[in-house]
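Hello,

Here is the structure I said I would pass on. My notes on it follow below.

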Amino acid sequence: MDSVEMPSEDEDSKSAVTDSKEVHDVIIVGAGAAGIGVAISVAHSGVEDFLIVDRKGVGSSFAAWPAETRFITPSFPSNSIGMLDLNSVAVGVSPAFSMRIEHPTGQEFAEHLQGLADFFELPIRENTNILSLGKAGGLFHLETEEGTLFARKVIWAAGEYQYPSQGAFLGSELCLHTSKIKSYGDLTGEDYLIIGGYESGIDAAYHLSKQGRRVRVFDQNCPWGEESSDPSVALSTFTFERIKSIEFETNVELFSEKSVQSITFDGSIYELKTEDGEVFQSKNQPLLANGFDGSHKFVSNLFEHRDDGFAELTDQDESTITPGLFLAGPMVRHDGHIFCFIFKYRQRFAIVAQAIAESFDLPTDEFVEAYRSWGMYLDDLSCCGQECLTC
Ligand SMILES: Cc1cc2nc3c(=O)[nH]c(=O)nc-3n(C[C@H](O)[C@H](O)[C@H](O)COP(=O)(O)OP(=O)(O)OC[C@H]3O[C@@H](n4cnc5c(N)ncnc54)[C@H](O)[C@@H]3O)c2cc1C
C-alpha cells in the first residue's frame, strides 16, 4: 500500500486541495471461494500490494447456506498425482485432506476458506461493504461507509449468493427464497411447492422429503432429464443419487416443462398457477429456488453485457469498457462456457493474476508454468464443452 497526493473529492475540480489517500495496487471485492482463490494467485504472481475487502467475513455466503446443504462436488485428496481436489481454490490445497469430509456443508467450507486466509496470511478487511465502484483519474474509487479506498486494479469477486433472483412471475415475492432458509428442519408444514428444479430446488425437496413432507417441484425445463454431462446444465451425480432415495421417491413429485405464471395468497392458502392453466395449492409458503442475479449487476455500468445478461469480458476476464476491472467467480462466461463451479472458475484465477502482474512489469513465465501444470490455467477454451462417453 502507498499513499499518493491526489485531488480530494471532485475529480473535475481545479481545486489545489490535495489529500493523502490509501491506494493499493489491487483490491479484491469479496472473500468467498473466488476472492480467496484469486488472491492466492495474485500473491503467487508476485504482486505484493493487494487487499481483500468483504462486507461480512471470509466465506460468509457459504456460512449462510441452509444447515443441511452440502457440496455436490466431491472432495478427494488427488493432489499427489498433480490432480487438484475438485473443491480446492488453491494449488496444493485439498479440502478433503484438511477437513476429512467428502461433501462439506457450507459452514464447513467457510471454515476451510478461513483456514486458507490464515495459512497464506492474506490481507483482509472485513465488515467493509462496497457501496459503489467507479474509476476516475486512472484509479478505482471504492466507496465504503468508512470512507473511500483507491486501487489501480479491482477484481470483482462478490459472488451471486447474496443477490438472489426475485422471480419473473406475479407474486414471486410471496415465496421464500432458499438462500434465506437457515435450516430445512425449521420448516414444519406438511407440504411444499418449490419453484425451480435445479440443484437448490432438488436439495430443498430432498431434505423436506427426509422429514416426511410432501413436495411438488416445478421447473420450466427438465433438469432431471437433461442429456448433457455438464453439471452446469444437468443435475449432478450426488443429486441423482438423492432422487433415487426411498423418501424422495415416496414424497416428491417433479413437474417438468411447467412455467409458473402466478402465486397468490388469500390469507390461508397459497395458489400456484402454471402457464398451461393448472392450479396447485398449499397452506405453506412456497419456496423459490430460481437462482441468483449475480453481483456483477451491482456494477453493471462498468461492463458491457451479453444478450443473456452476463458481463462481456476480454480473454483476460477484464471488462471490455473499464480497463483494470476484472471478474472472478461463477459469473464468468465465455461463449457458451459456464464457469459456475469452483473446479471451473478457479482455472481463470491465474489468467487474471498474470494480466495484473504483467501490467506492473512483473515476470510471469514461472508462475504461469506452475499453475498450468496443476490444471489451474485455462487459456484455451476449445477443450471445453466435451461430453462424457455414454458407455
Ligand atoms: C446451494 C448451493 C450449492 C452449491 N454447491 C456447489 C458445489 O458443490 N460445488 C461448487 O463448486 N460450487 C457450488 N456452489 C456454487 C458456489 O457456492 C459458488 O460458486 C461460490 O459461492 C461462489 O464463490 P464466490 O466467492 O464467487 O461468491 P461468495 O461465496 O458469495 O463470496 C462473495 C463474497 O463477497 C462479499 N460481498 C458481496 N457483495 C459485496 C460488496 N458490495 N462489498 C463487499 N463485499 C461483498 C460477500 O460477503 C461474500 O463473502 C453452490 C451454490 C449453492 C447456492
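Strands here are DSSP runs of type E with at least two residues, numbered from the N terminus, and two strands count as paired if DSSP finds at least two bridges between them. Please keep in mind that this is a predicted model.

By that rule, β13 and β14 (residues 279–282) pair in the antiparallel sense over four bridges, with L272 opposite F280 in β14. Four residues lie between the strands of this hairpin, and G277 there has a positive phi near 90°. On the other side of the hairpin series, β12 (residues 260–265) is joined to β13 (residues 270–274) by five bridges, again antiparallel. S262 has K273 in β13 as its bridge partner. The hairpin of β12 and β13 also has four residues between its strands, and G267 takes a positive phi near 105°.

Next, the parallel sheet. Five strands make up an open sheet with parallel pairing, in the order β8-β15-β9-β10-β11. β8 (176–177) and β11 (252–255) are at the edges with a single partner strand each, so one side of each has no neighbour in the sheet. β8 is joined to β15 (residues 287–288) by two bridges, and L176 stands opposite L287 in β15. Helix α5 packs on this sheet, where it touches β9 (191–195), β10 (214–218), β11 and β15; the directions of α5 and β10 make an angle of about 170°.

The ligand is surrounded by 33 residues, of which G30, G32, S61, G159 and G329 are the closest. The elements that contribute two or more residues to this shell are α1 (33–44), α2 (60–63) and α5 (199–210). Sorted by class, the shell holds 16 nonpolar, 13 polar and four charged residues.

As for the interior, the largest nonpolar core contains 72 residues, and I27, I28, I36, V38, I155, W156 and A328 have the most contacts inside it. Leaving aside residues up to four places away in sequence, I155 touches V26, I28, V38, F326, A328 and V352. Another core, of 26 residues, lies apart from it and includes I181, Y192, F218 and A289.

One last residue: is H44 buried or exposed? H44 belongs to helix α1. The cut-off for buried is 20 or more other C-beta atoms within 10 Å; H44 has 21 such neighbours and therefore counts as buried. Its C-alpha atom is 22 Å from that of T314, with the two positions 270 residues apart along the chain counted as their separation.

Regards

Methods
Residues are numbered from 1 along each chain as its sequence is written. This is a predicted model: local features need pLDDT of at least 70, side-chain atom pairs count only at pLDDT 80 or more; totals for chains, interfaces and linings use all residues. A residue is near a molecule or strand if its C-beta atom, placed from the backbone, lies within 6 Å of it. Ala, Val, Leu, Ile, Met, Phe, Trp, Tyr, Cys and Pro count as nonpolar, Asp, Glu, Lys and Arg as charged, and the others, Gly among them, as polar. A nonpolar core is a set of buried Ala, Val, Leu, Ile, Met, Phe, Trp, Tyr and Cys residues joined through C-beta atoms within 7 Å. A residue is buried if 20 or more other C-beta atoms lie within 10 Å of its own, exposed if 12 or fewer, and partly exposed in between; C-beta atoms are placed from the backbone. Two residues are in contact if their C-beta atoms, placed from the backbone, lie within 7 Å. Axes are lines fitted to C-alpha atoms, for helices over the stretch in contact, and angles run from 0 to 180 degrees between N-to-C directions.
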